[in-house]
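Biologist: Could you take me through one part of this model slowly? I'd like a close look at a single helix and whatever packs around it.

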Amino acid sequence: MKKALEHSFVFGCFFVMSKYKANNTMELLGYQYWADEEAMGQIEDVISAYKGNFDLISFAVDIFNLGAINGIRKERSRK
């Protein structure tokens, strides 16, 4: 998997990489790896649940929580 800073290809769209230089938080995100296939499927599930009733803050919190849950699961599987 490529790091986000090297390749930014999500949902068939290329994003301008300068967004990862906008501030310290975005720079940190730019060095993270993109989600694996399972996580991408979960993200698609969240996106489909928001179709027709999109709220950016709720969506962001749900995606953040999904990442936290997957991170905990991944860490537990290493033990």
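Modeller: Here is a walk along helix 3, with its surroundings first. A word on the ground rules: this is a predicted model, so local features need pLDDT of at least 70 and side-chain atom pairs count only at pLDDT 80 or more, while totals for chains, interfaces and linings use all residues. Residues are numbered from 1 along each chain as its sequence is written, and side-chain values use heavy atoms, leaving out hydrogens and water.

The protein has three helices and two strands (DSSP runs numbered from the N terminus: H or I with at least four residues for helices, E with at least two for strands). From the N terminus they run β-β-α-α-α. Buried residues, meaning those under 20% relative accessible area (exposed is over 50%, partly exposed in between, with a 1.4 Å probe and protein chains only), make up 16% of the 79 residues. Taking contacts (heavy atoms within 4.5 Å) between residues at least 6 apart in sequence, 51% join residues at least 24 apart.

Now the helix itself. Helix 3 covers residues 56-78, and at 1.5 Å a residue its 23 residues should span 33 Å (the expected span being 1.5 Å times one less than the number of residues); the end C-alpha atoms are 33 Å apart, which agrees. Its buried residues include F59, L66 and N70, and part of their cover comes from helix 2 (37-50).

F59 is a good place to stop. At 17% relative accessibility, F59 counts as buried. Leaving aside residues up to four places away in sequence, F59 touches V46, I47, Y50 and F54. F59 also belongs to the largest nonpolar core, together with I43, V46, Y50 and L66; such a core is a set of buried Ala, Val, Leu, Ile, Met, Phe, Trp, Tyr and Cys residues joined through side-chain atoms within 4.5 Å. Helix 2 and helix 3 each supply at least two of the core residues, and helix 2 gives the most, with three.

There's an aromatic story here too. The whole structure has three aromatic pairs, where rings of Phe, Tyr and Trp (its six-membered ring) pair if their centres lie within 6.5 Å, with planes under 30 degrees apart called stacked, over 60 edge-to-face and the rest tilted. Y50 and F59 have ring centres 5.5 Å apart and planes at 85 degrees, so that pair is edge-to-face. Both of these residues are buried. F54 and F59 have ring centres 5.3 Å apart and planes at 50 degrees, so this pair is tilted. F54, at 52% relative accessibility, counts as exposed. Y50, F54 and F59 form one aromatic cluster.

Further along the helix you reach charged side chains. E75 and R78 meet in a salt bridge, 3.4 Å from N to O, and the count of salt bridges comes to one (a side-chain nitrogen of Lys or Arg within 4 Å of a carboxyl oxygen of Asp or Glu). Both partners lie in helix 3, three residues apart, about one turn of the helix. An α-helix has 3.6 residues a turn, so residues three or four places apart point the same way. E75 counts as partly exposed at 41% relative accessibility, whereas R78 is exposed at 58%.
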